[in-house]
Every structure is written in C-alpha cells, then in structure tokens.
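Visitor: I would like a close look at a single part of this protein, with its surroundings explained as we go. Could you take me through it slowly?

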Amino acid sequence: MVMTLHRPSNVDDPAHLQNLLQAIIENSNGVPLIFPVHPRTKNTLEKINFNSDKVILAEPLSYLKFNYLVKNAKAVITDSGGIQEETTVMGVPCITMRNNTERPETVSIGSNILIGSSIDALKDSLGVLFKDQWKKGGIPQLWDGNTARRIVEVLLHLS
C-alpha cells in the first residue's frame, strides 16, 4: 500500500499522527506500507521518533515513480488532492483522510472514499478493503486522455 499524509489536521499534532500510523499498521494485514514523506510530515515523525518495520519511509518521489507505486498498490491512504484522480483512473482503492474534496467525482464515480481524520472510519475502510468488498469505481466522463485535443479544437474555433 502507498501512504501520503501532509495536511495539518493529520500531521501537525504528534499524538494524532502517532495514533493514525499505529491504526494503519495494525489494520493493514501485514501488507507493506510505502510512505513517501512530505517535509511537513517529516518534522512530526522526527518529534515522535517514528520507526516501524512495517512502514518503508521514502523521500518524496517524482511523478512517474510515484504513479508506478500507485498503479501497483493494493490501495492508497492519502490526504492529497491529485492522488484521488490518479487512483480513480487506475482503479486503485483510495482512502482519503479529509472531510471534503475538490474532486467529488472520484468519490461519486471513482475508487475513492472520504473518511475525514477518524481512526475508526480508517479501521472500517481497511476492513472493507481486505474483505475484497471495495466499491467498483469507474472513470468519469471526459477523463479519456483527450483533453488537450478538445482544448485545441475550442481555441481554433475562437478566432
């Protein structure tokens, strides 16, 4: 599984981050967790002296390397915005630790769910994932890789 966390509500309080990571580890069924660490999160991880043989901490990755991880992941746990789109297109289950999203179609159509910062909701979501009961997501209309062509067509017809 791949994990990214950087939002203040998830990472600024050392006790909350510690509890969150412990819940993820305890409910991940032994699946390895790869965690490219955002600089903001790194500061808090250092404060709590985080160390776990279940979590592989990594430096931030390039877009292509990160997407390779996502494509091959069992699931993604994140509080990022853009990752919700990539997981939807790739059909990878995504657990988003936020109360809202700028990308609602990833929830209504895609493979994403919003759970806020709730550790109980996280445990429940991982339970659903490991029972192979994750919702079957689809790809939203017009997410077909042809956006640039459509934009050029519109621009050509403006003159």
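Which residues does Ile-113 touch, not counting residues up to four places away in sequence?

Guide: Happy to. Please keep in mind that this is a predicted model. Ile-113 touches Cys-94, Ile-95, Thr-96, Ser-125, Trp-134 and Lys-135, once residues up to four places away in sequence are set aside. Ile-113 itself sits in strand β6. Among the residues it touches, Ile-95 is a good one to follow, since Ile-95 also appears in the list of contacts of Ile-77. For a sense of spacing, the C-alpha atoms of Ile-113 and Val-76 are separated by 11 Å, with the two positions 37 residues apart along the chain.

Let us move to Ile-77, then. Ile-77 belongs to strand β4. Its relative accessibility is 0%, so Ile-77 counts as buried. Leaving out neighbours within four places in sequence, Ile-77 is in contact with Met-1, Val-2, Met-3 and Thr-4, with Ile-24, with Ile-95 and Met-97, and with Leu-122 and Leu-126. Pro-93 is 16 residues away from Ile-77 along the chain, and their C-alpha atoms are separated by 8.7 Å.

Ile-77 also leads us into the nonpolar interior. The largest nonpolar core has 26 residues, and Ile-77 is among those with the most contacts inside it, together with Met-3, Leu-5, Leu-21, Phe-35, Leu-45 and Leu-122. Helix α2 (14-26), strand β2 (33-36) and helix α7 (119-130) each supply at least two residues of this core. The largest share, 6 residues, comes from α2. Apart from this core lies another, of 8 residues, which includes Val-2, Phe-66, Leu-69 and Ile-83. As general background, nonpolar side chains in soluble globular proteins tend to be buried together.

Ile-83 takes us from that second core to helix α5. In α5, which covers residues 82-90, the buried residues are Ile-83, Gln-84, Glu-86, Thr-87 and Thr-88. What do they pack against? The buried residues of α5 pack against strands β1 (2-4), β4 (76-78), β5 (94-96) and β6 (112-114), and against helices α4 (63-71) and α6 (105-108). That brings us back to β6, the strand that holds Ile-113, and to β4, the strand that holds Ile-77. Just after α5, Gly-91 takes a positive phi of about 75 degrees.

Ile-83 has a part in the largest pocket as well. That pocket is lined by 13 residues, and Ile-83 is one of those nearest its centre, along with Thr-4, Pro-36, His-38 and Phe-66. Its volume is about 210 Å³. The lining divides into 8 nonpolar residues, 5 polar residues and no charged ones. Thr-4 and Ile-77 are also in contact, which links the pocket lining to the strand we visited earlier.

For another buried position, turn to Thr-44 in helix α3 (residues 39-47). Thr-44 counts as buried because its relative accessibility is 3%. Not counting residues up to four places away in sequence, it touches Val-11, Asp-12, Asp-13, Pro-14 and Leu-17.

Two loop residues make a useful contrast. Asn-29 is found in the loop between α2 and β2, and Asp-132 in the loop between α7 and α8 (147-156). Asn-29 has a relative accessible area of 55%, so it is exposed. Asp-132 also counts as exposed, because its relative accessibility is 63%. What of their backbones? Asn-29 has a positive phi of about 50 degrees although it is not a glycine, and the phi of Asp-132, another residue other than glycine, is positive too, near 55 degrees. Most residues other than glycine have a negative phi.

Finally, let us step back to the whole chain. It has 8 helices and 6 strands, in the order β-α-α-β-α-β-α-β-α-β-α-β-α-α along the sequence. The C-alpha trace spans about 60 × 35 × 25 Å along its principal axes. Of the 159 residues, 40% are buried. Among contacts between residues at least 6 apart in sequence, 52% join residues at least 24 apart. The accessible surface comes to about 8,900 Å², and carbon and sulfur atoms account for 54% of that surface.

Methods
Residues are numbered from 1 along each chain as its sequence is written. This is a predicted model: local features need pLDDT of at least 70, side-chain atom pairs count only at pLDDT 80 or more; totals for chains, interfaces and linings use all residues. Side-chain values use heavy atoms; hydrogens and water are left out. A nonpolar core is a set of buried Ala, Val, Leu, Ile, Met, Phe, Trp, Tyr and Cys residues joined through side-chain atoms within 4.5 Å. Buried means under 20% relative accessible area, exposed over 50%, partly exposed in between (1.4 Å probe, protein chains only). Helices (H or I, at least four residues) and strands (E, at least two) are DSSP runs, numbered from the N terminus. Contact means heavy atoms within 4.5 Å. On a 1 Å grid over the protein atoms alone, a cavity is a set of points where a 1.4 Å probe fits but cannot get out, and a pocket is an open set with protein on both sides within 12 Å along at least five of seven lines; lining residues have an atom within 4 Å of a point. Grid points are joined across faces, edges and corners, and a volume is the space filled by probe spheres set on the points. Ala, Val, Leu, Ile, Met, Phe, Trp, Tyr, Cys and Pro count as nonpolar, Asp, Glu, Lys and Arg as charged, and the others, Gly among them, as polar. Accessible areas come from the Shrake-Rupley method with a 1.4 Å probe; for residues, only the protein chains shown count as cover.
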